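Please study the sequence and the three-dimensional structure shown here, and keep both at hand while reading. The paragraphs that follow lead from empty spaces to strands, helices and loops.

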Amino acid sequence: MKRNILLIALIALLTGCRDEAPEIYDPNDLDYLTLTQQFDRVWQGINNYYSWWEVDTTDWDAARAKYRPQIEELDRVEFASTDELERIYTEMCASLRDHHMAIFIRNIKRPDSDRASFWVSPGGDEAAARPYYHVQQEERLFSDAFAESFHKTGRTSNVKETFADTSRDAEHYLSCLIDNDILYLRLSIFFITYRFTKLTDSFNRQVKDVVDNYIDLAQNHANLKGIIVDVRNNGGGYNNDQNYVMGPLIDDKFLIGYFRSKTGTGRYDFGPWTPYSLHPYSKERTAPKCPVVVLADVRSISNAEITAQIAKQMPNGVVVGERTYGATGSLVDDVDLYYNGSFGSTSGDHYVKTTTWMYKTANDEIVEGIGITPDISCPFDAESLKAGIDNQLNAAIDYIKR
């Protein structure tokens, strides 16, 4: 009780001394009538639930002081331009480090002729400014090139492959041998854990066949010269999928890095770092000692980047391709449970997607907003890929056969 009284007195003292201090709002409150009220909930939610304040250099109080008056000005006119509203949020959030972040705003004061809403992606804007950046590609572009260079030329064996549907961007899994001695795994998304929970579905069983084939070849093929795990164009997914992807390639418990979340709504209320480790898929089999190459590009995001980081930490691992996107934190989406993460709703007038768990590597490096730098740089070449030539995959094979 004494603690509560002291806390109330302290709050009263602070608010009495600082009339300009922002009011406290529930960021999930979607019941408001003005753009200023909308702004306050978005700003407050990021202030309280953002995972990266300890390393983010953005002056968030200064951002509020600069941009809130501009929002108030829009509230004074009959209609607000969606372009102007988007400019304000884009500028205010431009330097935020979280590359998972995506901010949805509905213009509640727009004229009928204006667009209703917009998204702001600070990380997406940063990545797009890189000289080697390229947009997300259709998955069939990769699979068609692979078929042209490897399947049709008889260079593959022990093939297991499946697509979720016939669309150009279908979820895709492939495991096989290249030239009889290089194990190749490609997955367009880390969705294995989910697929394995619903094996009554025929596609999910096919995914299991692909993964089982990969694990069997990794642990039982006697003459592997190398292993390639291809996570290009992969937007991430379930962290537990590493049990099936990189787990078969290690013999001992492997420290990937550390995660931590917040313990309260204060900007710097962070809990302790929790080790994030990977265990061997099987203790009865010895992991292959051949080179392990992870193929990654700027469209390798989240868990795809963790895959590249694991390879960099392995004594026999390398990363080939491009520096990855830089969205390494984990998403859970429950601010009430973790005091950080996404809030609002796209069915309402604002929504902010943001990291739940902050991540650092086993070497204490924070690579959020930076990405994983390849050991062997090889830029994406869309024209060659369209012609059936995969220059990045060829670079990985050349490394193994060097």
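The tour begins with the second largest pocket, which holds about 530 Å³ of space. The model under discussion is a predicted one. Around this pocket stand 23 lining residues, and those nearest its centre are H100, G235, G237, L331 and K353. Sorted by class, the lining comprises nine nonpolar, 12 polar and two charged residues.

One residue of this lining, K353, leads to a sheet. K353 belongs to strand β12, where it stands opposite A102. Strand β1, which covers residues 102–106, is joined by four bridges to strand β12, residues 350–353, and the two run antiparallel.

These two strands are part of a wider arrangement. Four strands make up an open sheet with antiparallel pairing, and their order is β2-β1-β12-β11. Which strands form the edges of this sheet? They are β2, residues 117–120, and β11, residues 343–345, each of which pairs on one side only. On average, and with direction ignored, neighbouring strands of the sheet are turned by 20° against each other.

Two helices pack on this sheet. Helix α2, formed by residues 35–49, touches β1, β11 and β12, and its direction makes about 140° with that of β11. Helix α4, formed by residues 82–93, touches β1 and β2, and the direction of α4 makes about 15° with that of β2.

The next topic is enclosed space. Rolling a probe the size of a water molecule over the atoms shows where empty space is left. How many cavities of 30 Å³ or more does the structure hold? There are two such cavities.

The largest cavity has a volume of about 60 Å³. Its lining consists of F142, S143, F146, H151, E161, H172, L174, Y184, R186, D230, R232 and D390. Three elements, namely α6 (139–151), β4 (172–178) and β5 (182–187), each contribute at least two residues to this lining. Which element gives the most? The answer is α6, with four residues. In terms of class, this lining has five charged, four nonpolar and three polar residues.

The second largest cavity contains about 40 Å³ of space. The residues Y173, L185, L187, I192, V211, Y214, Y244 and V245 line it. At least two residues of this lining come from each of β5, α8 (202–220) and α9 (242–245). Into which classes do the lining residues of the second largest cavity divide? Eight are nonpolar, while none is polar and none is charged. The lining of the largest cavity, by contrast, includes five charged residues.

Strand β5 supplies residues to the lining of the largest cavity and also to that of the second largest cavity. From β5 the reader can move to strand β6, since the two are paired in the parallel sense over five bridges. Within this pairing, Y184 stands opposite I228 in β6. Y184 also appears among the residues that line the largest cavity.

Strand β6 comprises residues 226–230, and five of its five residues are buried. Are the faces of β6 covered or uncovered? Both are covered: G226, I228 and D230 on one side, and I227 and V229 on the other, are all buried. D230 is, in addition, one of the residues lining the largest cavity. Strand β6 also pairs in the parallel sense with strand β9, residues 292–296, over four bridges. In that pairing, I227 stands opposite V292 in β9.

The final stops are two loop residues. D381 is located in the loop between β14 (376–377) and α12 (382–386). Is D381 buried, partly exposed or exposed? Its relative accessible area is 28%, so D381 counts as partly exposed. D381 lies 10 residues from N391 in sequence, and their C-alpha atoms are 7.0 Å apart in space.

T57 is found in the loop between α2 and α3 (60–75). T57 counts as exposed because its relative accessibility is 76%, and the limit for that class is over 50%. Although T57 and R97 are 40 residues apart along the chain, their C-alpha atoms are separated by 8.3 Å. The loop that holds T57 follows on from α2, the helix that packs on the sheet and touches β1, β11 and β12.

Definitions and conventions: Residues numbered from 1 in each chain as written. Predicted model: local features only at pLDDT ≥ 70, side-chain atom pairs only at ≥ 80, totals over all residues. Heavy atoms only, no water. Pairing = 2+ DSSP bridges. Axes fitted to C-alpha atoms, helices over the stretch in contact; angles between N-to-C directions. Contact = heavy atoms within 4.5 Å. 1 Å grid on protein atoms, 1.4 Å probe; cavity = no way out; pocket = protein on both sides within 12 Å on 5 of 7 lines; lining within 4 Å. Points joined across faces, edges and corners; volume = space filled by probe spheres on them. Nonpolar A, V, L, I, M, F, W, Y, C, P; charged D, E, K, R; others polar. Buried < 20%, exposed > 50% of the residue type's maximum accessible area, 1.4 Å probe, protein only.
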